[in-house]
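Me: I would like a close look at one part of this model, taken slowly and in connected steps. Please start from the place I ask about below and then work outwards.

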Amino acid sequence: MISKYTKNKKVLLALCISGVFCTSCSDFLEVQPPGQTTIPVLFSDMDGMRSAVIGAYGTMFDYYSSEFYMYPEIAGNMVSLKAGATIENMLHEYNFISNPDDETLATGYIWKKIFSALTNVNNILEYQPSLMETFPEYTTELTKIRAQALFLRALCHFDVCLVYAQPYSYTSDATHLGVPVLTVTPGADDNVGRSSVQEVYTQIVKDLNDSQKAFGNTQMTDAWHASKTASQALLCRVSLYMGDWDETIRMADSVLQVVPLAYGQNYLDMYNNNEAGDEAIFRLNGYHKSSWFYTNFYAASSIKAVPADTLYNLFDPQDLRLSLIGQDANGGRFSLKYRNNSSVSDLEKHYDPFVLRASEMYLNRAEAWLNKGELGNATADLKILIARNLKKEVSEIFLPESNVDSLQLILRQERAKELCFEGHQFFDIVRWKQDLIRSAASTSVVKFLAYPNDRFVLPIPQTELEANHNMVGNPTVNY
Amino acid sequence: MLCNRFSNSCVQKVFFIAILWLSVQSLLAQDVPVTLSLRDVTVREAFVRLEKQSGYTFLYKQEVLPTAKKVSVQSNGNSLEKVLIELLTPLGLTFELDDKVIIVKLLKQAPKDAKTEKKAIVTGRVVNLMNEPLIGATIVEKHSGKPGVATDLDGNFTLALSDKPEHVLTATFIGMKQAEVTVDGQEPVLIRLNPSNVQLNDMVVVGAYGTLQKRSDLVGSAFQVNAEKIKNLPTGRLDNLLDGMVPGMQVTFNSDLASNTRPRYNLRVRGEGSLEASSEPLWVVDGVPIYTGDKTNLVPGLSTSIGPLSYINAEDIESITVLKDATSTSIYGANGSNGVILVTTKSGSGRGKPKMTLSSRFGVAKINKGTLFKVLNAEEYMTLAKEAWTNAGNKMNAFPFQDNTMNSYSTTDTDWSDVYYGTGSTSQVNLSLTGGTDKVGYYLSGSYYNNNLTVKGNEQQRYSLSSNTDVRINSKISLGVNLSVSYNVNDLFNPGDDYYNILPIYSPTNEDGTFRLHNTYLEGINDNGSLNWSTVKFFNSVAEREENENFQRTLAANANFLLKYDILSTLKFTSQFGVNYQGAFENTYSARSNWSGMSLETAPSGYSTRSNANFMTWTSINRLNYNQSINKIHQIRGILGLEAVSNESYGVSANGWDFVNDHIKEVSLAGDDSGSSFAYITRKLSFFGEGSYSYDNRYYLTLNTRIDGNSDFGADVRWAKFGSAGISWNVHNESFFNSNLIRLLKLKITYGTNGNSRLGSVQSTGTYTFDDDAYMGYTGSTMSLSPNPKLSWETSQILNGGVRIKLWDWLDLDLEAYNKKTINMISKLDVSRLTGSNRVYRNMGEMSNQGFDGSLDVTFIENKRMRWSSEFNFSHNKNTLLKLYNDIEKPMGVYIWKEGYDVNTLYLIRWAGVDPRDGAPLWLDASGNLTRVYNIKNRVEWKSSAPDLTGGCNQTLDYGHFSLNVLLSYQLGGYGFSDFGRGVSSDGLNYMDENQSVNQLDRWQKPGDLAMTPKVLWNISTSSVMNSTRYVYRTTYAQLRNLAISYNLMFDPKKNTSGLSGLRLSLIGDNLGLWTPYDQKNRNSYRQNRSGYPMETSVSLGVEFILN
């Protein structure tokens, strides 16, 4: 008979052997996927945070260099699609027949790409406070990162709201359906629904104000990154959309104190010669990136989107900006805003979508003055721009200073000429509560759409509606 | 929460488990050594001492034991069996070893007085068919009333004969048919016993974690294929080997396209278990899970996936057990839901003289022409092409294929299948040695296998070595080391669809014998009437075959280290550490001399890739096996264990191009190069336990549980519990049950859960990936996968019921029915874009698989000279998708996932033939009306590709020295969509580029024609080639997989001094035929569409020498 003692000893021995393999069960199952980094690990140090910031700018470029940037041009009345344009060239948006199933077209992509950028930005904001605690020595850098991320978050919310929700002015208190407001990245089962446009704009304004505070007194270093000036400029535009004329003017004042206009060759070089331009406030850099709106729309080999006569006919023959409209052998016109003539290799050439620049600030401020009834101030701003465009002195420009309607027409035409192909046109029309009127010669089947109109927004993608049961669609276009 | 508990009290947990740990691993009776010295004790006392030493329990009737008689036992390490023989035989008793029970019986008639009757003595030897000695066989003289004797370690016996004039001896042995021999002289007799079919069915079945059970004691569902069954089958790869052998298991091609000359197979145990996690069974070799590729058996990091199951030498396999229901698979927890296949390799048979087996096989193979996809010859092609050309409104003088200096279309007629297929050959030689002493058992083998495929340019070679050694250090501790290593050389060339697709009017070479790289055809006629010739590239893969390189070299190793420690006679501890390693090197080079090695601008470049992919799985298993018998009636067993598994894979790949010439090839010398790498790690940790209880061989109960942790899942859901319960009832062992008709009646029912964690690499915490040009040329990181902390295991709930009934001695039916429900099914689904991801894996949906499977074993004839036995197996499975995410149906290519439907449901537009008026294609619209418009909205749920019944049939006929084996597999019902057939029935659309199915000959030609193929129109799409039911075939077939005729010769070692004790010659045919009921002569049907390549038929000659 084996004694109790030895018996126990033997059980113990067996245990020891097995115990070796179980010194720490939970550690054994903690595995980092090689070649990737889990989110908490990436944001555990400054290097990871910095790379995430770079990545976030990259995702912003991705949506600015594709459907989102084209949509307000295609849906507006200043750009025509040539025969042969396909649904990939936004034919649905051109003809206002976008449908919720357009998952791999503008309807799906704009939604997807903006929210993809937003999640990357929100992750930065989510992990920034813990890094501040861990690395107090990097407080300055981390604060600036937060300031940039807040700006980017505001921009994402603003942009997605322009496409999928009626403009701020659609209802008197902007309580109509907006887009989801996201300040943290939701999980697969969180199913965040839509907020009202007012709530969306409240968040945008808050983020921009917070951003400006966080930037403090730091100066803008380049136009390729967010800055205090960029925050002010975006707030200027947001305020304009909200009809907050005083804030629009105040912000434009701040911006224009530090950013000049670009003149002459410098103006053209910011499109054609790899330069940011004197008047650039915020611009996304496409270095080593393919540019979808360049290759799919404006490339010489397969031009699909061209300036409509409604646009071309607005220009004075002396206009500087006519240098940005080319003409082929058959008399067909095309935009040269995305034609890079710099003498670098093709890989080095980049096509950088403008987000904010000084010319827009003059236009914003002029519009605010006009709405406030201060025609003199409005005229002054317009004259500065027109003089620049006609390569004249301001004193040489004469405008009908006492006629509101005439001034408004000049302002709107000037806005169309200045910001064409830069993602403003259609958003301006709907924000002005205008009907969409295209020329009779337009290649679109839609020549006229009255404001207000359910078709002035894109449908919420069907996949989103199916995956997120708190999501509601847009009237008519979704149902 | 669960996880925290584990992490906080890990060590305590282990103690807790160990204290409960009660278990024993069964050892074969021959292996149990007895060291005992007893003098003049009662028989019962001797029994008690023997029980203690051996772990066996004696069962006997009281009146049998001579209570007064004193006996002595002297044994120093002798086997239990030998001790028993010495102890019991003089007492007129005999015994049977029944699992862990020794049943002591009286010999038929009690001995009178043995000594007085002793007249003559006979000596002899009892062996099995392979001339291996049978230890412990019982030899009795018939009608003598004398006790018998048992054979010794060498199978020898000595028996005193009665004084009767004629002596007839009977020899019996468990698992063998009783034999009778008439003895007429003093010559030693050799008695060879044939295996008994009925007894064989009660074979020992290998179960999970070191358990061995007799088939009649099984509670769960396990089907075992022993070495004998596979010895004549092709040994190239293991997965394919089991086709048609295991009820409930189906082996099908992964693709019906010509995508890989080493096709991947889908193995399905009882249907598709999952949508997007793996549906493949788990392979466990000698207790250690092995890597068989990812969830569709694809091997990452290499451009050609060669099945890792081809790296195992089938000759080393002792048995393959397929576990199917919850009770047998739950203990494998999170990976058991698709069934578990346990492979046990041969081990040292314990004591005995070394036995060496040398076997060799050589065979030749040809493609089976009946299964070769039939395409047009040159004349037929030209007729159709010209007809299509003019039908499309073109003028004949502009017909593209007109003779020119480059191509003589009118005289060329190439059968491309001849260009790509040749005569294959297989040769293999295997040398194995087995033997051992009291302390050491060993099995050694070395093997070489070579297969030249019928697809030219393909060769598989395997050099393998295997060594299984068990060392008994003392009565308590033993050590086992199993090593098997194989080096696999695979030369690859995939003609893809070229062998049927290239036009017959092209030739592979130019007139000067060089490979053809250009063809010239007429592109049109210029305005001035001159001909506009166009010379285009001809992507001639024959040149690629001859000039390019594509090979893999893989080292595959299985190593297993086992330490066994018998804590008590009833409680054994086993610590096992196993490693499965596969390191593959892949080398491809595209030569500058053909298009594959040229740049787009046709500049010679040469492309080279060098890839290395390593897959390493290590497993550590520590378990306690407990086995206790109480009062000889209650049998209690248990297992408790801990298993840790780590899967790691790493790979690098380098590409080079712009070589100066074709001799360099190495990436380091390329003009330009690039590289990449990958790595994956998954870890698992599991605690498992099983307890079973049986009462009097009548009632059985098994309970088991497993707790699994997996690093792929989020902390919230990382741990999961699985468990099962099963009962069975051996009705035939009841005292009230007394039937001469029904010899065995067993009922069983089991229920339990298991899981599926095999998803590939999934991260629940979300991941970021890096891009070196994220913004302004700087490296940045973006989120690639949003956090998904709630993703967890798929769970299967399996209910299994079975009945086994044996009628007379010769009919044995084992039937099981099951209902397997998969819940929390993992599927990659659209997710709200607000998360930053498009699709994530989610636990959504439910699916059921219901069906039955079974086997029927019949022995039709059994007598002294002849034995004919048959095994039939069959299975039926019905799959139903019960629940999908938000009821959203999901078209998946030509299939659809829809609630209430089979996951294999085809989703197609119904083809309605050809309009006899003008030869236009017709379809049915969604509401069943004829339409001439192809519209994807007219798709309907069509038939299911799941067959009604699948299975196989194995016939064995032994006649004297000859034996014949026939293996068939079959499938009844089911519909298959053929991608293959679709590609070559283009009705004119692709006539310019692709040869066509001979079925195109049945085209519409004139109004009124009731044709199968629409009017052929050159380069004009009528949508008739789009997916529709036109390309759906019924998939009923029967395949003659294997036919083997063997001649077995055994030599009596006492007479034969050559050292040779046995010889076997075999003539083997593989894949001799495939039949389908829908064949049309000279047309293509399912028979030609079944896989991307025709079947390979081979005939081989095998020889086996046994020396001991």
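How many residues does the contact take from chain B, and how many from chain A?

Reply: The model is a predicted one, and the contact you ask about takes 70 residues from chain B and 67 residues from chain A. Between them, chain B and chain A bury about 5,700 Å², and 67% of this area is on carbon and sulfur atoms. Of the area that chain B buries against chain A, 16% is supplied by B:Tyr768, B:Tyr775 and B:Leu834, which is more than any other three residues supply.

One of these residues, B:Tyr768, leads us to a residue on the other side, since B:Tyr768 is among the contacts of A:Asn120. A:Asn120 belongs to helix α7 of chain A, which covers residues 106–134. If its neighbours within four places in sequence are left aside, A:Asn120 is in contact with A:Ala56 and A:Thr59 of its own chain, and with B:Tyr768, B:Ser781, B:Thr782 and B:Met783 of chain B. A:Asn120 counts as buried because its relative accessible area is 2%, and the cut-off for that word is under 20%.

The interface also has charged pairs, for the rule finds two salt bridges across it. In a salt bridge between A:Asp189 and B:Arg842, the closest N and O atoms are 2.5 Å apart.

Moving away from the interface, we can look at other parts of chain B, beginning with cover. Helix α4 of chain B, residues 80–88, is mostly covered, with seven of its nine residues buried; these are B:Leu80, B:Glu81, B:Val83, B:Leu84, B:Ile85, B:Leu87 and B:Leu88.

On the surface, by contrast, a nonpolar patch is formed by B:Tyr959, B:Phe962, B:Ile1045, B:Leu1067, B:Leu1072, B:Val1099 and B:Leu1101, which together have about 620 Å² of accessible area. At least two residues of this patch come from each of two strands of chain B, β57 (1060–1075) and β58 (1096–1107). B:Val1099, which lies in β58 of chain B, is called partly exposed because its relative accessible area is 42%, a value that falls between the cut-offs of 20% and 50%.

Finally, chain B has an open sheet of three strands, in the order β48-β49-β50, with antiparallel pairing. Its edge strands, each pairing on one side only, are β48 (910–914) and β50 (930–931) of chain B. Four bridges join β48 of chain B to the antiparallel strand β49 of chain B, residues 921–924, and B:Gly913 stands opposite B:Leu922 in β49 of chain B.

Conventions: Residues numbered from 1 in each chain as written. Chains lettered and ligands numbered in written order. Predicted model: local features only at pLDDT ≥ 70, side-chain atom pairs only at ≥ 80, totals over all residues. Heavy atoms only, no water. Pairing = 2+ DSSP bridges. Patch = residues over 30% accessible without salt bridge, like charges linked within 9 Å, V, L, I, M, F, W, Y side chains within 5 Å. Areas by Shrake-Rupley, 256 points an atom, 1.4 Å probe, with all protein chains shown as cover. Salt bridge = Lys/Arg side-chain N within 4 Å of Asp/Glu carboxyl O. Buried < 20%, exposed > 50% of the residue type's maximum accessible area, 1.4 Å probe, protein only. Contact = heavy atoms within 4.5 Å. Buried area = accessible area lost by both parts, 1.4 Å probe.
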